[in-house]
Amino acid sequence: QQQQQQQLNVSPGRDVFVTVVRDPVRRFESEYLMRLNGWSRWNDGLERANARKHIGLVASDRTCDGHLRKAWPPCSQQVPELDGLGARGQRTNATLFAFLSCPRNPAVNRQSRMLALNAPCYPEPSGNLLADPGWQQQQAERAQRALDAMPFFAVLEYLRVSEQLFQHTFGVQFVGPLSAHHKHTKASDTRLSPQQVEAIANANAADVALYKYALALFRKRVAACPPCD
């Protein structure tokens, strides 16, 4: 156990960062359903972004060289059909394809963008940068390197094995099964058409690449974990 912790650069008293990776199609759909039902706002407040800056958790869509920059405009201002989408407590009938059509949609490739902590600065919102293949590939590669550097990350679709891997990696035991606290999601109750799945995957190419890489790395770590099954 101690040898494995040394190999993963984990030592007592040292802060480590971990994350949970999720199937990008289902994750995007889940965020769409949250916005649709008014459960979440489009933009975090500046106070949250400022807090992230001070503790060193720099979000790639909020900062440039460590300084706060202008937030992306809400999609409700970019696409007429999305008017009111994301307003707290306000339900709308916006379609998934309208949600996908937003040029500056913060839901697109959210996982890879948030893991690419050292993402380069890029121009203020003026075009559909998120649809740029080169930019998406760059984000995916940076996010993959971030996963490599993490001693542990979980995969939502393999929560029980993730729990076993966490316990083995850090030498701790959960009081109760982690999977028992995982709530059923609305995305689990919906059935996407093949066209919708393809559209989401195409828009979230960086997250798709990240998830594929994450699964391979996750299986490699599980294979080196005797208690994991």
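In this predicted model, Gln 111 is a buried residue, because its relative accessible area of 12% falls under the 20% cut-off. Gln 111 belongs to helix H6, which comprises residues 110-115. When residues up to four places away in sequence are not counted, the contacts of Gln 111 are Val 20, Val 21, Arg 22, Pro 24 and Arg 27, together with Asp 207 and Leu 210.

Nonpolar packing was examined next. The largest nonpolar core contains 22 residues, of which Leu 115, Leu 147, Phe 153, Leu 165 and Phe 218 touch the most other members. At least two residues of this core are supplied by each of helix H7 (133-149), strand S4 (153-155), helix H8 (159-170) and helix H10 (205-223). The greatest contribution to this core comes from H10, which provides seven residues. For Phe 153, the contacts, again leaving aside residues up to four places away in sequence, are Thr 19, Val 21, Leu 147, Ala 214, Leu 217, Phe 218 and Arg 221. Val 21 is thus touched by Phe 153 and is also among the residues that Gln 111 touches. Separate from the largest core is a second one of 19 residues, whose members include Leu 33, Leu 100, Ala 107 and Val 108.

Helix H8, one of the elements that supply the largest core, was considered in terms of its length and its burial. For its 12 residues, a span of 16 Å is expected at 1.5 Å a residue, and the end C-alpha atoms of H8 lie 16 Å apart, so the two values agree. H8 is mostly covered, with 10 of its 12 residues buried. These buried positions are Leu 159, Val 161, Ser 162, Glu 163, Gln 164, Leu 165, Gln 167, His 168, Thr 169 and Phe 170; Leu 165 is also listed among the core residues that touch the most other members. Just after H8, a positive phi of about 65° is found at Gly 171.

The structure holds one disulfide, in which Cys 225 is joined to Cys 228 with an S to S distance of 2.2 Å. The torsion about the S-S bond of this pair is about 70°, and the disulfide is therefore right-handed. Both cysteines lie under the 20% cut-off for burial and so count as buried, Cys 225 at 2% relative accessibility and Cys 228 with a relative accessible area of 11%.

Terms used:
Residues numbered from 1 in each chain as written. Predicted model: local features only at pLDDT ≥ 70, side-chain atom pairs only at ≥ 80, totals over all residues. Heavy atoms only, no water. Disulfide = S-S within 2.5 Å. Buried < 20%, exposed > 50% of the residue type's maximum accessible area, 1.4 Å probe, protein only. Core = buried A, V, L, I, M, F, W, Y, C linked by side-chain atoms within 4.5 Å. Helix = DSSP H or I, 4+ residues; strand = E, 2+ residues; numbered from the N terminus. Contact = heavy atoms within 4.5 Å. Expected span 1.5 Å × (residues − 1).
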